[in-house]
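Please look through the model below before reading on. The comments are meant to be checked against it.

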Amino acid sequence: MKSSFMMVDGGGLMDQRKGIMKIRHVNNKVRYVKRPIKKKNNRSSYRERKDPKVLQKLFDSCKEVFKGPETVPSDSDVNKLCSILDEMKPKHVGLSKNMQFFKSKSVEKGTPSVAYTPIYQCDEFSLCIFFLAANAVIPLHNHPGMTVFSKLLLGDLHIKSYDWVDSMPPPESQPRLARLKVDSVLKAPCKTSVLYPTTGGNIHEFKAVTPCAVLDVLGPPYSKDDRDCSYYKELQHSALSNGESSRVNEGGSDYLRWLKEIEVPQDSHMERIGYWGPQIVD
């Protein structure tokens with residue numbers, strides 16, 4: 001069953017005073033909010049945090065690289081975007097490791113929050129940031145026909161990803177065999193991760209070890225018409241028929257798993273918050 005990420009608007013809780021931004025929890029929700037700073041430091045701190053050059057360079061390069069649906073960036077274009085993203089720091093999108101959200105060591109009650117802030121979106125690509133509180137999870141999901149660049153800006157993030165073994169999907173409601181590509185923890189700062197329509201771990205899950213911020217470049221972005229998001233769960237060996245279990249064992253059970261498409265997980269709500277970092281000139 002195809003289903004997009006679920007997002008809830010989160011307006012109305014931003015401090016409008018002049019100053020710099022921090023991120024904090026408001027009723028277990030993440031927010032960009034402003035914090036007053038000493039007047040003598042206003043200009044230098046503002047320039048340091050509001051540095052639009054790197055983000056603008058990324059945006060301009062994305063406009064050149066992404067040609068629309070059914071296209072995959074060339075190796076040289078992938079290297080071009082990775083070289084920019086590899087150099088990106090939290091300040092380039094208005095963030096800092098000193099923000100309260102990233103310093104928090106407490107664990108939220110209930111389901112840890114996941115928030116999403118859009119920077120830019122068009123038919124060819126989108127730029128966005130995901131915020132994950134400690135232990136928060138973005139469930140196992142796919143990226144149909146998409147090339148995605150993920151840059152971990154802050155925090156420690158566990159990533160588990162798969163690619164399909166067979167190019168043809170099985171009959172509806174039947175599990176599909178996938179090969180494990182990544183099962184490791186990334187620690188910021190680190191290199192950019194890239195996934196492709198059929199390789200590189202197109203089906204992945206994020207789990208925050210510590211509070212995290214991830215900058216994503218998606219080309220093309222999700223679309224309810226033909227690039228909707230699907231969710232999956234791993235099936236245990238006990239849930240498989242003998243034939244399916246044998247196929248996993250033949251391929252090496254450490255690397256192959258059966259994945260079954262599921263409805264949107266009930267605890268996968270993603271809150272949308274406003275972006276207050278450096279602006280892009282289109």
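The numbered points below cover one helix, the cysteines and the salt bridges.

1. Status of the model. This is a predicted model, and the values quoted here are to be read accordingly.

2. Length of helix α2. Helix α2 comprises the 13 residues 53-65. At 1.5 Å a residue a span of 18 Å is expected, and the end C-alpha atoms are 18 Å apart, so the two agree.

3. Burial of α2. Buried positions in this helix are Val54, Leu55, Gln56, Leu58, Phe59, Ser61, Cys62 and Val65. Their cover includes helix α3 (75-86) together with β4 (114-121), β5 (126-132) and β12 (212-219). In an α-helix there are 3.6 residues a turn, so residues three or four places apart point the same way.

4. The link from α2 to α3. Glutamate 64 and lysine 80 form a salt bridge through their side chains, with an N to O distance of 2.5 Å. Because glutamate 64 belongs to helix α2 and lysine 80 to helix α3, the pair ties together parts that are 16 residues apart in sequence. Glutamate 64 is partly exposed, at 45% relative accessibility, and lysine 80 is partly exposed as well, at 31%.

5. Cysteines. How many disulfides does the structure hold? The count is 0. For cysteine 190, the nearest cysteine sulfur is that of cysteine 212, 9.7 Å away; the cut-off for a disulfide is 2.5 Å, so this pair does not qualify. Cysteine 190 has 16% relative accessibility and therefore counts as buried. Cysteine 229 is also buried, with a value of 1%.

6. A salt bridge between sequence neighbours. The structure holds 7 salt bridges. One of them joins arginine 227 to aspartate 226, where the closest N and O atoms are 3.4 Å apart. Is each partner buried or exposed? Arginine 227 is buried, with a relative accessible area of 10%, whereas aspartate 226 is exposed at 55%.

7. The β13 and β14 pair. Arginine 257 and glutamate 234 meet in a salt bridge with an N to O distance of 3.9 Å. The pair links distant parts of the chain, 23 residues apart: arginine 257 is in strand β14 (residues 256-262) and glutamate 234 in strand β13 (residues 231-234). The cut-off is 4 Å, so at 3.9 Å this contact is within it. Arginine 257 is partly exposed at 24% relative accessibility, and glutamate 234 is partly exposed at 27%.

8. Network. Glu234 and Arg257 are linked with Lys160 in a network of salt bridges.

Methods
Residues numbered from 1 in each chain as written. Predicted model: local features only at pLDDT ≥ 70, side-chain atom pairs only at ≥ 80, totals over all residues. Heavy atoms only, no water. Helix = DSSP H or I, 4+ residues; strand = E, 2+ residues; numbered from the N terminus. Expected span 1.5 Å × (residues − 1). Buried < 20%, exposed > 50% of the residue type's maximum accessible area, 1.4 Å probe, protein only. Contact = heavy atoms within 4.5 Å.
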